[in-house]
Amino acid sequence: MVGIQDSNARWRTLLQEQYAREIQVLASSWPKQPGLNINFSDIQAWDPNFAKSLIEYPKPILRAATESLRALCAEGGWEIDPTLRVVELPHDCKKSLREVGSDEIDKLISSEVVVTKVSELKPRIYHAQFRCVLCTHITEVAQLNELELIEPVQCDDLNGGCGRSSGGKDGTRFELIHENVTLVDNQWIEIQELPENVTGGAQPARATILAEADLANVLLPGMRVTV
């Protein structure tokens, strides 16, 4: 959809037109204020088609949102690393945990649940730099997967690297620059549907979610939350 292809440009326009003041406030209070929250209704009023794309393809569009916010902050001279989140989803995006199935995978939804268990807090690499062992060129890689470390597949010759791919007889390998990694806290949260939504002798639906950065170390067992 068009919303994915030009989502960076759309976010930039929206932020510049309607959130310039909020970005200034964010810059002055970061990291105490870790990011910018935007109500879904504001996006829908600004561009209904873009809002629809956001529901259908949240991962790439929300990634573009944070990228655009950080780019605007950098252009303003603020060396901060905020996150943009969309809150207050519409009613038709709200599902009970029992209703969440294959049709909801990779869609933007919310559900009212109760927390049953939280794991210990653990850091993970959020952003990493790797050095090519042949030419010493440094490549930055965002770590989007919390389960594995993603290394470069090629030393980027367009930005001063040697152009060799990772592995193979004529390839190179990359070393992680440990002192340059960016870490974030994360925590696994076990949740289940609200007791009043469980009918008869059925077992409550359960799931496990991941909380990162400022969302980690916030929830406790027994708390009712919207996720």
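What covers the buried residues of H3? I began with this point and worked outward.

**Basis.** I worked from a predicted model, in which local features need pLDDT of at least 70, side-chain atom pairs count only at pLDDT 80 or more, and totals for chains, interfaces and linings use all residues. Residues are numbered from 1 along each chain as its sequence is written, and side-chain values use heavy atoms, with hydrogens and water left out.

**Helix H3.** I looked up helix H3 (residues 20-29) and found Ile23, Leu26 and Ala27 buried (under 20% relative accessible area, against over 50% for exposed, with a 1.4 Å probe and protein chains only). Seen down the axis of H3, these buried residues fall within an arc of 100°, so they line one face of the helix. The cover over them includes H2, strand E1 (35-39) and H6. Arg21 and Ser28 are exposed on the face of H3 turned away from the buried side.

**Helix H2.** I then checked the buried residues of H2, which are Ser7, Arg10, Trp11, Leu14 and Leu15. Seen down the axis of H2, they fall within an arc of 125° and so line one face of the helix.

**H5 and H6.** I noted that the axes of helix H5 (residues 48-56) and helix H6 (residues 58-75) come within 6 Å and cross at roughly 115°. Phe50, Ser53, Leu54, Ile55 and Glu56 in H5 meet Pro58, Ile61 and Leu62 in H6 (contact means heavy atoms within 4.5 Å).

**Domains.** I recorded domain 1 (1-91), domain 2 (102-121 + 185-226) and domain 3 (125-183), with bounds from an automatic or database domain assignment. The C-alpha centres of domain 2 and domain 3 lie 35 Å apart.

Methods
Helix = DSSP H or I, 4+ residues; strand = E, 2+ residues; numbered from the N terminus. Arc of directions from axis to C-beta. Axes fitted to C-alpha atoms, helices over the stretch in contact; angles between N-to-C directions.
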